Amino acid sequence: MEGFATLVVVSIVTVGVACAILYILKVRYFASDEFLAHKNAIASFVAEHNAIAGYVAEIRSRGTFDLGASATGGQAHLASFQNTSHWNYRRDRNVANYQAPNVHNCSLQVVRNASADPIKYVMKYFGIKADEAHLVNVEDLGESIAGLEEAISNLQEREASITVAVNPPAFILKFFAKDFMKQVGVELSPITVPYPVYIFEYVSAGGNSSQRTTFTLNSPTIDALVETLSLKIRWKKSAAGQRALMTTRLRNLIKERDNHTCRYCKISLAAEPHLLLEVDHIIPVSRGGMSTEDNLQTLCWRCN
Ligand SMILES: [Zn+2]
């Protein structure tokens with residue numbers, strides 16, 4: 001027993017000493033001429049990274065990230081719900097969620113059908129009607145989500161390039177990755193894409209069983225929803241019927257047509273490999289601009 005206690009003490013001391021050594025090596029590395037020279041060399045690239053991190057926050061705050069709400073939760077905020085059952089405190093049962101706008105409480109049959117045919121059921125139960133106004137809203141959502149996705153992945157690519165350029169010792173990346181970014185001057189963005197999630201949930205009356213189908217609106221599912229809505233809308237010979245659908249495919253097409261070059265400042269992806277490009281409506285949708293190819297242009301994030 002005594003031997004075991006000694007072993008524990010020795011282990012704790014060893015780990016403590018190892019941590020102290022790592023700490024000293026870290027402080028030395030960040031103060032080294034080699035590190036400071038690298039840091040200076042990439043200062044402007046880091047500054048641009050941080051400007052894009054600020055831009056990500058801007059997209060997040062001005063974009064559209066909500067769509068539709070469940071009828072079962074529509075007025076739930078007006079009431080408060082409590083389970084006053086005598087046994088509630090000792091039973092870990094399934095409790096139906098009536099408060100969240102994106103949860104639809106329904107029968108088991110609907111949960112199963114929704115899993116087989118999610119787009120149809122999301123449209124039906126979350127009030128996304130097949131009309132021009134809803135189509136525009138879904139396309140808006142798609143643009144916000146794609147814009148944020150691209151800006152966030154642009155930041156990640158830049159962070160990877162910064163790591164390659166500075167090329168710190170392996171122990172720095174293994175134990176002090178966040179510290180490394182901070183020392184280089186990189187402001188890490190905490191923002192993630194707030195994908196709308198729709199849930200069909202069945203909870204049995206006694207709370208003994210629960211099943212749910214979850215549907216996430218990300219770029220591919222939004223494109224599928226846009227295409228489904230447009231097929232359902234009977235196009236008349238109106239201007240609205242002539243326009244293209246604002247999908248990932250169209251955004252990529254416009255960037256290719258414009259040679260991945262900003263129409264204002266003429267900077268291109270070929271000249272700047274990490275360039276963040278966006279597809280912009282020349283006449284904004286809010287002022288009646290259409291998603292037609294002649295009303296769309298490629299701009300860099302600075303010009304947009
Ligand atoms: Zn530009």
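In the predicted model, 23 residues line the largest pocket, and those nearest its centre are Arg62, Glu143, Ser144, Val279 and Asn304. The volume of this pocket is about 590 Å³. Two or more lining residues come from each of the elements α3 (43-62), α6 (132-166), α11 (248-257) and β4 (277-281). Of the elements, α6 gives the most to the lining, with six residues. Sorted by class, the lining of the largest pocket comprises eight nonpolar, seven polar and eight charged residues. Lining residues are supplied both by domain 1 (63-77 + 92-165 + 188-234) and by domain 2 (237-304), and the largest pocket therefore lies between these two domains.

Helix α6, which contributes to the pocket lining, also packs against helix α8 (residues 177-184). The axes of α6 and α8 are 12 Å apart and form an angle of about 85 degrees. Because angles of 65 to 115 degrees are classed as roughly perpendicular, α6 is roughly perpendicular to α8. On the α6 side, the residues that meet α8 are Glu159, Ile162, Thr163 and Val166, and their counterparts in α8 are Phe180, Met181 and Val184. This contact of α6 with α8 consists of five nonpolar residues, one polar residue and one charged residue.

A further helix pair is formed by α4 (residues 108-116) and α5 (residues 118-125), whose axes come within 5 Å of each other and cross at roughly 125 degrees. The two helices α4 and α5 are therefore oblique to each other. Helix α4 takes part in the contact through Val110, Asn113, Ala114, Ser115 and Ala116, while α5 does so through Pro118, Tyr121 and Tyr125. By class, the residues of the contact of α4 with α5 are six nonpolar and two polar, with no charged residue.

Technical notes. Residues numbered from 1 in each chain as written. Predicted model: local features only at pLDDT ≥ 70, side-chain atom pairs only at ≥ 80, totals over all residues. Heavy atoms only, no water. Axes fitted to C-alpha atoms, helices over the stretch in contact; angles between N-to-C directions. Helix = DSSP H or I, 4+ residues; strand = E, 2+ residues; numbered from the N terminus. Parallel < 35°, antiparallel > 145°, perpendicular 65-115°, else oblique. Contact = heavy atoms within 4.5 Å. Nonpolar A, V, L, I, M, F, W, Y, C, P; charged D, E, K, R; others polar. 1 Å grid on protein atoms, 1.4 Å probe; cavity = no way out; pocket = protein on both sides within 12 Å on 5 of 7 lines; lining within 4 Å. Points joined across faces, edges and corners; volume = space filled by probe spheres on them. Domains from an automatic or database assignment.
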